[in-house]
Amino acid sequence: ERKQAFAEYTTKRLAYEKRQEKEAERVEQARKRGVFLELLASSDFQGRAFVSSSSEWRTCGPRLQEHCRAHKDERWLLLDAEDRERAFNDFVAQLKDAENAHKEEKRRKRCDAFRTLLDEEVTSEAYADLKWSAVDGILRPKNDNRYKDLSSDSRRRTVLDWRDEKIVALGGEPPAREKSRSRSRERSRRD
C-alpha cells in the first residue's frame, strides 16, 4: 500500500511540476512577446514608423532586423523567427482594427452632425413624401460644413434613414427603398 501511495504521489507531483513548468514557459513567452510588441510600437526610422497598418513582414522584417542589429537592440532576439512573424502580423492586424474603428467613429460623428443639420433645417410633417432631391435642394445652398463632410451617397443614405426613423416615430410604415444597383441598371438600359 505504501509503495502504491508513494507511486501515486510521485506521479501527481511530476504532473504538477510539468504543469508549473508549462505555465512558467507560457508566462515567459508572453513577456517576451510583449517586449517584442513594444519594439514594434516604438520603432521608428528617420522620423517615421517602421510598422503601419499596411506593413508586410517580408518588407518590414529585414529592415527592422537590420535596425536592431545596428543599434544592438536585444529585443529582436527574444523570439524565434516564426513567433516574430506571428507577433508582427498580430500587431499589424491590431493597427488595422484601431484605424478602422477610428475611421468608423469619425464617420458616425459626421453622420450624427448631418442628422442634427437635418433636424434644424428640414421641417416637414409629410416625411413619407420627402425625397432626397428635395432635401438636397434645401441644404446645398446653406453651404454648411456638416453637409460637405459627407459624400453624396452617404448624405442620401443618411437622409433616407433619418426620414424612415421620423416616419416610424410618428407611427407610420416607412416606404420600401429601391436598390441602387437596379436603378443604375435601369438607367444604363434607357441610355
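**Exercise 1. Determine at what angle H1 and H3 pack, and how they are oriented to each other.**

Solution. Begin with the axes, which are lines fitted to C-alpha atoms, for helices over the stretch in contact, with angles running from 0 to 180 degrees between N-to-C directions. In this predicted model, where local features need pLDDT of at least 70, side-chain atom pairs count only at pLDDT 80 or more, and totals for chains, interfaces and linings use all residues, H1 and H3 pack at about 60°, and their axes are 10 Å apart. Residues are numbered from 1 along each chain as its sequence is written, and side-chain values use heavy atoms, with hydrogens and water left out. Next, classify the angle: under 35 degrees counts as roughly parallel, over 145 as roughly antiparallel, 65 to 115 as roughly perpendicular and the rest as oblique. H1 and H3 are therefore oblique to each other. Helices here are DSSP runs (H or I, at least four residues), as are strands (E, at least two), numbered from the N terminus.

**Exercise 2. Find how many aromatic pairs there are, and describe the one formed by Phe36 and Trp76.**

Solution. Apply the pairing rule first: rings of Phe, Tyr and Trp (its six-membered ring) pair if their centres lie within 6.5 Å, and planes under 30 degrees apart count as stacked, over 60 as edge-to-face and the rest as tilted. The count by this rule is four aromatic pairs. Phe36 and Trp76 form a tilted pair, with 6.0 Å from centre to centre and 55° between the planes. Because Phe36 lies in helix H1 (residues 2-42) and Trp76 in the loop between helix H2 (57-70) and helix H3 (81-121), the pair ties together parts that are 40 residues apart in sequence. Both Phe36 and Trp76 are buried, a term that means under 20% relative accessible area (exposed is over 50%, partly exposed in between; 1.4 Å probe, protein chains only). Finally, ring pairs link Phe36, Trp57, Trp76 and Phe88 into a cluster.

**Exercise 3. Describe the surroundings of Tyr147, beginning with the ring of Phe114.**

Solution. Phe114 and Tyr147 form a tilted aromatic pair, 6.3 Å centre to centre with 45° between the planes. Phe114 lies in helix H3 and Tyr147 in helix H5 (residues 145-148), so this pair ties together parts that are 33 residues apart in sequence. Phe114 and Tyr147 are both buried. The charged end of Arg155 sits over the ring of Tyr147, 4.1 Å from its centre, where the criterion is NZ of Lys or CZ of Arg within 6 Å of the ring centre and within 35 degrees of the ring normal. The buried residues of H6 include Arg155.
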